[in-house]
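Dear colleague,

Please find the structure below for your review. My findings follow directly after it.

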Amino acid sequence: MLEESDDGIIRYLSVTNLGKIGFLASRLGIATVLTIPLKMMAPVLFHITGLQMSDAFFRSIVGAVQGCAVALMIVVLSSNNVEGTATGKLTSLLTIGLEVP
């Protein structure tokens, strides 16, 4: 999304049928919707942990929302690709402890 904003493509998307909301939905919504079942299946399929299905579902929802929030935070706090890379690394360092029980 930062590359499109650097190139000025987002301004042109506002006049198309897709619009800015459709662009955000296609970039974040599809990834979030695909993350939930994949993250739910991974521990069960590979027998990584003894998680119940309800726990895996809850963790997949939280992970998808967290990923969406981090992506939006990177876009809001960064004005170009270089700042986006630095902000992404910083948010990764801040959120790495959330997965450790």
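In which helix of the protein chain is confidence lowest, and in which is it highest? The model is a predicted one, and its mean confidence is lowest in helix α1 (residues 2-7), at 68, and highest in helix α4 (residues 53-77), at 85. For the protein chain as a whole, the mean pLDDT is 79, with 87% of the residues at 70 or more. Where pLDDT is low, the predicted coordinates should not be read in detail.

Overall architecture

The protein chain contains 5 helices and 0 strands. Read from the N terminus, the order of elements is α-α-α-α-α. The chain has 101 residues, of which 22% count as buried. Among contacts with a separation of 6 or more, 46% are between residues 24 or more positions apart. The exposed area comes to about 7300 Å², and carbon and sulfur atoms supply 70% of that area.

A nonpolar patch on the surface

Which residues make the nonpolar surface patch of about 410 Å²? Ile30, Leu34, Leu38 and Met41 form it. One of these residues, Leu34, is placed in helix α3, which covers residues 19-46.

Helix α4: Ser60 and Arg59

Ser60 belongs to helix α4. Its relative accessible area is 0%, below the 20% cut-off, and Ser60 is therefore classed as buried. A polar atom of the Ser60 side chain lies 2.7 Å from the backbone oxygen of Phe57. When neighbours within four places in sequence are left aside, the contacts of Ser60 are with Ile36, Lys39 and Met40.

Arg59 is also found in helix α4. Is Arg59 buried or partly exposed? With a relative accessibility of 44%, Arg59 counts as partly exposed, because that value falls between the limits of 20% and 50%. Again leaving aside neighbours within four places in sequence, Arg59 is in contact with Lys39 and Leu51. Lys39 thus appears in the contact lists of both Ser60 and Arg59. As for Ile36, which Ser60 contacts, its C-alpha is 8.8 Å from that of Arg59, the two residues being 23 apart in sequence.

Helix α5: Thr87 and Gly84

Thr87 is located in helix α5, which spans residues 81-95. Its relative accessibility is 14%, and since buried means under 20%, Thr87 counts as buried. Which backbone oxygen does the side chain of Thr87 reach? The partner is the backbone oxygen of Glu83, at 2.7 Å. Not counting residues up to four places away in sequence, Thr87 touches Ile74, Leu77 and Ser78. Of these, Ile74 and Leu77 fall within the range of helix α4, residues 53-77.

Gly84 lies in helix α5 as well. Gly84 has a relative accessible area of 7%, so this residue is buried under the 20% cut-off. Between Gly84 and Ile74 the C-alpha to C-alpha distance is 5.9 Å, at a sequence separation of 10 residues. Ile74 is therefore a residue to view alongside both helix α5 positions described here, given its contact with Thr87 and its C-alpha distance of 5.9 Å to Gly84.

With kind regards

Conventions. Residues are numbered from 1 along each chain as its sequence is written. This is a predicted model: local features need pLDDT of at least 70, side-chain atom pairs count only at pLDDT 80 or more; totals for chains, interfaces and linings use all residues. Side-chain values use heavy atoms; hydrogens and water are left out. Patches are made of residues with over 30% relative accessible area and no salt bridge: like charges are joined within 9 Å, nonpolar side chains (Val, Leu, Ile, Met, Phe, Trp, Tyr) within 5 Å. Accessible areas come from the Shrake-Rupley method with a 1.4 Å probe; for residues, only the protein chains shown count as cover. A salt bridge is a side-chain nitrogen of Lys or Arg within 4 Å of a carboxyl oxygen of Asp or Glu. Helices (H or I, at least four residues) and strands (E, at least two) are DSSP runs, numbered from the N terminus. Buried means under 20% relative accessible area, exposed over 50%, partly exposed in between (1.4 Å probe, protein chains only). A polar contact is a pair of N or O atoms within 3.5 Å; within protein, one must be able to donate a hydrogen and the other to accept it, and residues adjacent in sequence count only if both atoms are side-chain atoms. Contact means heavy atoms within 4.5 Å. pLDDT is the predictor's confidence in each residue, from 0 to 100.
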